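User: Walk me through this one, please, one question at a time. Start with whatever vocabulary we'll need.

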Amino acid sequence: MTHWPRLSALGWVLAALLAATPARAAAASTTPTPATAWTTVAASSSIEFTGTLAGGEFTGKFQRFVAAIAFDPANLAGSRFRVEIETGSADTADADRDVALAGDEFFAVSRWPKATYEASQFAAAGPGQYQARGKLTIRGIARDVPVTFTFKSNADGRSAALSGRASVHRLDFGVGQGEWQDTKWLGDEVRIRFELALRR
Amino acid sequence: MQWRNTTNNYGALAKFLHWTIVILIIAQYVIIEAAEELPDGVEKLSQVSLHKSVGMLVLLLAIARIGWKLANRGNPVPIPMPGWQKKAAAAGHGLLYLLILLQPLSGWAMSSAANYPVTLFGWFQFPALVAPNHDLHEGLEELHEVLFTIMAIVALVHAAAAIYHHFWMKDDTLRRMLPFGRKPAA
C-alpha cells in the first residue's frame, strides 16, 4: 500500500508551484531561439575610448576584455551581447594616467575590477547597421547605453566583423570622484569605439 | 607708429614680438616650476595645460618673428663694433631664433609621445607630432630641459651684451629694441 507523503499547507503550495513549472515554461516558449554564438578573436579585436583633457582629445584602449556575442541579423530577437571589460587594463600609453584611472577616484579597480555591457534588445538602424539597447555597468552603477554598430559577415558565414561606437558620460558612473567631478579639465563625455573579430 | 624696422631702430612689430616672447618664456619657467611642486590632480593638470598652451603661443609668435624678420629686409644698420662681436651677436641671435622654435616643438613632441593632447587654450587641438612611445617621451623630456638650459644661458649672454653696450659702450644697441617707440639718440 502506497502512502502519499503527508504535506503541510505550505508543502501543498510548493507542490502546486512545482507542478505548475512545466506549464510556465511552456507559456514562455515564445523565448526566441538563440542567435548564432560567435567566438571573439581577442588578438584582432579592440575597445578604445576617447576622452577630453584640457580641451584636447586623447585615446586609450582596454587591453583585456571578453565579449560573448550571439548575433544574427535575421534573428535580432535571439541576439545577445555580454561584454566584460577589465577596468584595470585601461592603457593610455602613460603610466601615471593609467595608475590614476585604476585608482579609487576613477575605476576603483580593487573594488570593481570589471565593467560589463549587456544587451538583449536589438533594432535595425540602416543597411548592415544596428542598434543595441543595453546596460553598461561601471563601478556597480548600471545605465542604459545604446550602442550603434555594423555587422559584416564573410561569404562563408564562418567569420564576421562587428564594429561600433557609443557615447557615455563618465560622471553617470562616478568615474571621477572629488575634484575630478569638475569637467572643465577632464570632460564628462567619453566616446567608445570597438572592433570585434568574430569566428564560429 | 613705425611698424617696420628703420635704419637705426627696430619697428613696433619686431619689438612687440621680441618682448612678448621674452615675457612668455619667463612665465613658462614660473608656470612649470610651480606645477612640479603640485601633487597629481586637477590643479596640476590645469597648470601643465597652461604651460602647453603658452608654449604653443610662443611657437606661433616665434614663427611670426622669424617670418617678419625675413620679410623685413631693412634691419637697423649694425652699430660699429669689433668683428668678433658682430660674429658672436649673429651666432647668438641665430641660436636664439632656433631655440625659440625647438623648445616649443620639443615640448609638443614630448606631450604627443605621452599621448597627451596639445591645444591652444582649449580652442584648437594640434595634431600629435609623434606616436605614443614611452622611451621617446623620456628622451624628449630630457631634451626639453637641456634646451631650456642652453636657451637660458644664451639669452643671459644676449641680455648681458645689450647691457654692456648700453652702459659701457653707451651706444644704441639696447635702446633701439626698447619698447614704446623710444627714439634712439641720434
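Analyst: A salt bridge here means a side-chain nitrogen of Lys or Arg within 4 Å of a carboxyl oxygen of Asp or Glu. Keep in mind that this is a predicted model: local features need pLDDT of at least 70, side-chain atom pairs count only at pLDDT 80 or more, and totals for chains, interfaces and linings use all residues. Residues are numbered from 1 along each chain as its sequence is written, chains are lettered from A and ligands numbered from 1 in the order in which they are written, and side-chain values use heavy atoms, with hydrogens and water left out.

User: How far apart are the closest N and O atoms of Arg64(A) and Glu86(A)?

Analyst: Side chains of opposite charge can pair when their charged atoms come close. Arg64(A) and Glu86(A) do form a salt bridge, and their closest N and O atoms are separated by 2.9 Å.

User: How many residues apart in sequence are the parts that this pair ties together?

Analyst: Elements here are DSSP runs numbered from the N terminus: helices (H or I) of at least four residues and strands (E) of at least two. The salt bridge joins Arg64(A) to Glu86(A). Arg64(A) sits in the loop between strand 3 and strand 4 (65–70) of chain A, and Glu86(A) in strand 5 (residues 80–86), so the parts tied together are apart in sequence by 22 residues.

User: Is Arg64(A) buried, partly exposed or exposed?

Analyst: Buried is under 20% relative accessible area and exposed is over 50%, with partly exposed in between (1.4 Å probe, protein chains only). With a value of 43%, Arg64(A) therefore counts as partly exposed.

User: Which residues does the salt-bridge network join?

Analyst: Two of its members pair up directly: Arg82(A) and Glu84(A) have their closest N and O atoms 2.8 Å apart. Over in chain B, Arg175(B) bridges to Asp172(B) at 2.6 Å. Back in chain A, shared salt-bridge partners make one network out of Arg82(A), Glu84(A), Lys114(A) and Glu118(A).

User: Is Asp172(B) buried or exposed?

Analyst: Its partner Arg175(B), at 24% relative accessibility, is partly exposed. Asp172(B) has 18%, so this residue counts as buried.

User: How many salt bridges are there between chain A and chain B?

Analyst: Searching the whole structure turns up nine of them over all chains. Between chain A and chain B, though, the count is zero.

User: Then which strand of chain A gives the most to the side that touches chain B?

Analyst: Contact means heavy atoms within 4.5 Å, and 14 residues of chain A are in contact with 14 of chain B. About 1,300 Å² is buried between the two, 60% of it from carbon and sulfur atoms; buried area is the accessible area (1.4 Å probe) that two parts lose on being put together, summed over both. With four residues, the top contributor from chain A is strand 3 (residues 56–62).

User: How many residues on that side of chain A are nonpolar?

Analyst: Ala, Val, Leu, Ile, Met, Phe, Trp, Tyr, Cys and Pro count as nonpolar, Asp, Glu, Lys and Arg as charged, and the others, Gly among them, as polar. On the side of chain A that strand 3 helps to form, four residues are polar, four are charged, and the nonpolar ones number six.

User: What pattern do the elements of chain B follow along the sequence?

Analyst: Chain A comes to two helices and eleven strands. Chain B comes to four helices and two strands. Read along the sequence, the chain B pattern is α-α-α-β-β-α.

User: What percentage of the 186 residues of chain B counts as buried?

Analyst: For chain A, with 200 residues, the buried share is 37%. For chain B, the share is 41%.

User: Where is Ala93(A), the one with positive phi?

Analyst: Phi of Ala93(A) is near 65°, and this is not a glycine. The residue is partly exposed, with a relative accessible area of 33%. You'll find Ala93(A) in the loop between strand 6 (90–91) and helix 2 (95–102) of chain A.

User: And Lys170(B), is that residue buried or exposed?

Analyst: Lys170(B) also has a positive phi, about 50°. The residue is in the segment after helix 4 (134–169) of chain B. At 66% relative accessibility, Lys170(B) counts as exposed.
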